[in-house]
Every structure is written in C-alpha cells, then in structure tokens.
Amino acid sequence: SYLGVGEVPGRVLNQFSMDEYNGYFRIATTTGNWRDTSLNHLYVLDEDLKVVGKIEDLAKGERIYSARFMGERAYMVTFRQVDPLFAIDLSNPENPKVLGELKVTGYSGYLHPYDENHLIGIGMEASEQGRVQGVKVSLFDVTDISNPKEIGKYEITEGEWSNSDAVYDAKAVLFDKEKNLLVIPVSYNKKLFVADEQWPRYDYWQGAYVFDIDLSGIELKGKISHQKNETND
C-alpha cells in the first residue's frame with residue numbers, strides 16, 4: 001500500500017548515501033553546480049517521511065564522493081582540492097551533528113567498514129592542488145569521532161596513471177577481516193622508453209592487488225596479472 005512521500009533537495013550519489021535505522025531514513029545529498037555553488041547536506045526523516053533533523057551547507061564548492069552510515073554514525077567524504085572526511089553523530093535523530101573532520105589529500109570514492117571504529121577508504125590520491133594521481137587505499141580510525149585519523153595508507157605509484165573499479169563499485173572489493181585480506185582490481189599504464197624511437201611506448205597492466213590490512217597498516221602482499229605468460233608476484 002502507498003503510505004506517503006518525503007522530499008529533500010539535492011542529488012544522491014549512490015545507495016550508500018541512503019540508510020534506514022531504528023525507524024528513521026537518513027540520506028546525504030549535494031545541491032548546486034560543482035566547483036561553483038555546490039553544497040552538501042544530510043537529512044533525517046521519520047516514518048511519515050517528514051524531515052526531523054538535518055545538517056546543511058557542508059563543504060561549499062565540493063561534492064560528495066562517498067558516504068557510509070554505520071548505526072548512530074555517518075561518514076561523508078567531499079572533494080575539490082583536499083578530502084575532508086566528515087564524522088557525524090546521529091544518536092539524536094532530531095539533532096545530527098558534525099563532531100569531527102579530517103583533511104587529507106585525494107579522496108575516498110568508496111568507504112567500507114573494517115569494524116565499528118575503523119573504515120577502509122578506496123579512492124585516488126591527489127596533489128594539494130587537487131590534481132588526481134593514482135589509486136590510494138586508506139585506513140581511518142574513528143574511535144574518537146571528534147578526532148578521526150588516517151592510520152594507514154598505500155598508494156599505487158606504478159605507471160603514469162592507475163585506476164580501479166573499486167573506487168566506485170562496491171562489488172569490485174573483496175574484504176575478509178579474519179584473514180586481514182583486501183583485494184581490488186587495478187590497471188595502470190607504464191611509460192617505456194625504447195632506444196632510437198622518438199616517442200615512448202606504453203605498457204598496459206591489469207590484474208588484482210592483494211593487501212594485508214590490519215590496525216597496524218596496509219601492506220601489499222602480491223599482484224595477480226590478467227595477462228598471459230606473466231609471472232605473478
């Protein structure tokens with residue numbers, strides 16, 4: 001049966017920007033034009049889909065790159081030049097509050113829970129001017145929600161550029177906490193200089209990166225190539 005409709009302003013990034021918890025629907029949105037008038041918001045709606053709590057106008061000129069709701073907390077990443085990770089307290093649905101903010105270079109396009117107090121961020125590194133570089137995996141400690149920290153980081157620096165479907169597709173991520181295992185697909189282009197040739201050639205690599213990840217950090221355990229006749233590390 002049709003019971004009602006609710007409305008909030010803005011655009012929704014993906015399914016992780018929406019959540020239901022204890023009878024409340026929570027949603028993160030972006031309004032305006034990116035790099036101009038964009039603003040970011042979080043709304044809490046009750047069972048009648050009426051807005052009962054909200055945080056508005058975060059990070060002007062940026063847009064949401066990832067969001068994750070975890071019980072009475074929410075985490076939101078926006079980006080333009082640096083990546084603010086906003087830690088939001090939702091314990092009082094009628095009065096949500098931003099309690100912490102962490103600024104690091106680059107951005108996390110996907111946030112995955114490691115446990116209730118830690119998050120894995122998969123995204124792209126960037127310069128302080130916002131120039132996107134290669135794939136980055138981060139581990140965030142949000143035990144103290146007012147003081148989130150990046151306690152681990154691995155940057156994929158092979159090649160002229162690198163990319164991963166895991167930045168925007170949760171189904172491209174394999175995580176097993178018991179085995180401290182994180183696996184993501186990666187591709188990159190490596191510039192090759194050949195003698196007597198004016199222009200460089202590029203070697204394209206694609207495969208899987210296998211990480212050991214725990215609260216002490218992130219370590220690359222090996223790579224598995226999708227290409228034939230290549231030895232895997």
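**A four-stranded antiparallel sheet and the setting of Tyr 154**

In this predicted model, strands 9, 10, 11 and 12 form an open sheet of four strands in the order 9-10-11-12, and the pairing is antiparallel. Strand 9 (107-115) and strand 12 are the edge strands. Each of these two pairs on one side only. From one strand to the next, the twist averages 25°.

The pairing of strand 9 was examined at the level of residues. Its partner is strand 10, which spans residues 118-126. The two strands run in the antiparallel sense and are joined by seven bridges. They form a hairpin, with two residues between them. Individual bridges define the register. Tyr 110 has Ile 122 of strand 10 as its bridge partner. Leu 111 stands opposite Gly 121, also in strand 10. In a regular strand, side chains alternate between the two faces of the sheet.

At the other edge of the sheet, strand 12 covers residues 149-155 and contains Tyr 154. The relative accessibility of Tyr 154 is 19%. Buried residues are those under 20%, so Tyr 154 counts as buried. Its contacts were then listed, leaving aside neighbours within four places in sequence. Tyr 154 touches Val 135, Lys 136 and Val 137. It is also in contact with Phe 211, Ile 218 and Leu 220. Leu 220 lies 66 residues from Tyr 154 along the chain, yet the C-alpha atoms of the two residues are separated by 8.1 Å.

The sheet belongs to a chain of 233 residues. The secondary structure of this chain comprises 17 strands and zero helices. Taken along the principal axes, the C-alpha atoms fill a box of roughly 70 × 45 × 40 Å. Of the residues, 45% count as buried. Contacts across the sequence were also counted. Among contacts with a separation of 6 or more, 42% involve residues 24 or more positions apart.

The surface and charge of the chain complete the description. The chain exposes about 12600 Å². Carbon and sulfur atoms supply 45% of this area. There are 25 positive side chains and 37 negative ones. The centres of the two sets lie 4 Å apart.

Terms used. Residues numbered from 1 in each chain as written. Predicted model: local features only at pLDDT ≥ 70, side-chain atom pairs only at ≥ 80, totals over all residues. Heavy atoms only, no water. Buried < 20%, exposed > 50% of the residue type's maximum accessible area, 1.4 Å probe, protein only. Contact = heavy atoms within 4.5 Å. Areas by Shrake-Rupley, 256 points an atom, 1.4 Å probe, with all protein chains shown as cover. Lys, Arg positive; Asp, Glu negative; His and termini not counted. Charge placed at Lys NZ, Arg CZ, Asp CG, Glu CD. Pairing = 2+ DSSP bridges. Axes fitted to C-alpha atoms, helices over the stretch in contact; angles between N-to-C directions.
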